[in-house]
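Please look at the chain shown here and follow how its parts are arranged. The report moves from the whole chain to single helices, strands and residues.

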Amino acid sequence: IIAIAALGNRELATNLAALDRGEGSREALEAIARAGKTEAERNLATEALQNFVKYAPLISQIQGGSQSGRKALDAAIQELKAGSYEEGGDNRGPRIRKYQAAVRVPEGSPWSAAFVSWCFSQIPEGAPFKLSGSFRDIFAQFKEKGWLHTADTGYIPQPGDIMFIISESGSDGRARHGGSVLRYENGLVHVIEGNTDLKAGGAGQLVVARPRQMSSRLTFGHVPD
C-alpha cells in the first residue's frame with residue numbers, strides 16, 4: 001500500500017486499505033498521511049483516510065437516487081477517497097480552492113456549501129441549480145422548484161439528495177449546513193459533508209462521511225429525474 005502511494009497513486013492505495021481493515025492497513029494509511037507538511041495537516045490526513053476506510057463497505061452498497069443526485073454523489077465519494085482536507089490555514093489549501101472557485105468565493109471563505117455545489121458542477125449535463133457558496137441560497141432555490149422534503153413527512157432520504165440542517169430557531173428557515181446523502185437506515189442519515197469534522201457541532205477542516213440522526217431540523221433536497 002505504501003509503495004503504491006509512493007508511485008503517485010494515493011487513491012488506489014487507500015482503496016486497497018479499505019479492502020483490508022487490519023492493523024497493517026491502518027499503519028499504512030498513517031504512513032501515507034505523514035506526507036503532510038505540519039503535524040496538524042498529518043493528523044487531518046490520517047483522520048480523513050481512516051474515515052474513508054470506515055465507510056468503504058457502505059459506499060459499495062449504495063443503490064437508488066436520481067441520476068443527477070447520484071452523479072454529484074459520485075463526485076463527493078471521490079473527494080472522500082482522496083482524503084480532502086485544509087492545508088495552510090482555515091478554509092485554505094489546494095483541495096479547498098477548487099470548491100471555492102466553483103462558486104467564485106475567495107480562499108479563506110467557508111466551503112461546506114461550495115463543496116456540495118462543486119460536486120453538482122461535475123455533472124456532465126450541467127448542475128440543475130445555480131451553484132452557490134450559501135446553503136441558504138441553495139435551500140431557497142430548491143424550495144422554489146418544489147424539491148424540498150422535510151423529515152416529519154415520512155420522506156426517506158435518497159442517495160445524492162442534499163441534506164440541509166436548519167437553524168435551531170426554525171422559524172426563519174435558514175439552512176446553515178448540509179451535505180450529500182449516502183444512505184438512510186435505522187433512523188440515521190449517512191452524509192458526506194465538507195468543512196466539518198467528526199466532532200459534534202462547529203466547523204471543521206475535512207471532507208468526511210458521518211451519520212446524522214433524523215430530526216425536525218433536517219430537510220432534504222431531491223433533484224428529480
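What follows is a description of a predicted model, beginning with the chain as a whole.

**The chain as a whole**

The secondary structure of the chain comes to 8 helices and 6 strands, and, read along the sequence, these elements follow the pattern α-α-α-α-α-α-α-α-β-β-β-β-β-β. Of the 225 residues in the chain, 48% are buried. The accessible surface of the chain comes to about 10,600 Å², and 48% of that surface belongs to carbon and sulfur atoms. Among the contacts with a separation of 6 or more, 55% are made by residues that lie 24 or more positions apart.

Because the model is a prediction, its confidence values deserve attention: where pLDDT is low, the predicted coordinates should not be read in detail. The mean pLDDT of the chain is 86, and 80% of the residues reach 70 or more. Among the elements of the chain, the lowest mean pLDDT, 64, belongs to helix 2 (residues 10-19), and the highest, 98, belongs to helix 7.

**Helix 7 and the largest core**

Why can helix 7 be called largely enclosed by the rest of the structure? The reason is that 9 of its 10 residues are buried, and these are Ser112, Ala113, Ala114, Phe115, Val116, Ser117, Trp118, Cys119 and Phe120. One of them, Ser117, has a relative accessibility of 0% and therefore counts as buried. Leaving aside its neighbours within four places in sequence, Ser117 is in contact with Val103, Phe129, Leu131, Ser132 and Ile138.

The largest nonpolar core has 39 residues, and those that touch the most other members are Phe115, Ile162, Leu182 and Ile192. Two or more residues of this core come from each of helix 4 (39-59), helix 5 (67-82), helix 6 (94-102), helix 7, helix 8 (135-145), strand 2, strand 3 (175-185) and strand 5 (206-213). Helix 7 gives the most to this core, with 7 residues. Apart from the largest core lies another core, of 10 residues, among them Ala151, Val191, Met214 and Leu218.

Ile192 can serve as an example of a core residue with partners in several parts of the sequence. When its neighbours within four places in sequence are left aside, Ile192 is in contact with residues including Leu73, Ala76, Ile77, Leu80, Phe115, Leu182 and Val207.

**Helix 8, a helix with two sides**

In helix 8, the residues Phe135, Ile138, Phe139, Gln141 and Phe142 are buried. These residues cover an arc of only 160 degrees around the axis, and so they lie on the same side of helix 8. On the other side of helix 8, Lys143 and Glu144 are exposed. What covers the buried residues of helix 8 includes helix 7, strand 1, strand 2, strand 3 and strand 6.

**Strand 6 and its partners**

In a regular strand the side chains alternate between the two faces of the sheet. In strand 6 (residues 218-221), Leu218 and Phe220 point one way while Thr219 and Gly221 point the other way, and all of them are buried.

Which strands are joined to strand 6, and by how many bridges? Strand 1 (residues 148-150) runs antiparallel to strand 6 and is joined to it by 3 bridges, whereas strand 2 (residues 162-166) runs antiparallel to strand 6 and is joined to it by 4 bridges. Gly221 in strand 6 stands opposite Leu148, and Gly221 also stands opposite Ile162.

**Single residues in loops and strands**

Most residues other than glycine have a negative phi, and most peptide bonds are trans. Arg104, which is not a glycine, nevertheless has a positive phi of about 60 degrees, and Asn195, which is not a glycine either, has a positive phi of about 60 degrees as well. Arg104 is placed in the loop between helix 6 and helix 7, while Asn195 is placed in strand 4 (residues 188-196).

The table sets out how accessible these two residues are, together with a residue from another loop.

| Residue | Relative accessibility | Class |
|---|---|---|
| Arg104 | 81% | exposed |
| Asn195 | 6% | buried |
| Gln61 | 46% | partly exposed |

Gln61 is found in the loop between helix 4 and helix 5. Although Gln61 and Leu182 are 121 residues apart in sequence, they are 9.8 Å apart in space, C-alpha to C-alpha.

Conventions: Residues are numbered from 1 along each chain as its sequence is written. Side-chain values use heavy atoms; hydrogens and water are left out. Buried means under 20% relative accessible area, exposed over 50%, partly exposed in between (1.4 Å probe, protein chains only). Two strands pair if DSSP finds at least two bridges between them. Contact means heavy atoms within 4.5 Å. A nonpolar core is a set of buried Ala, Val, Leu, Ile, Met, Phe, Trp, Tyr and Cys residues joined through side-chain atoms within 4.5 Å. Accessible areas come from the Shrake-Rupley method with a 1.4 Å probe; for residues, only the protein chains shown count as cover. pLDDT is the predictor's confidence in each residue, from 0 to 100. The arc is that of the directions from the helix axis to the C-beta atoms.
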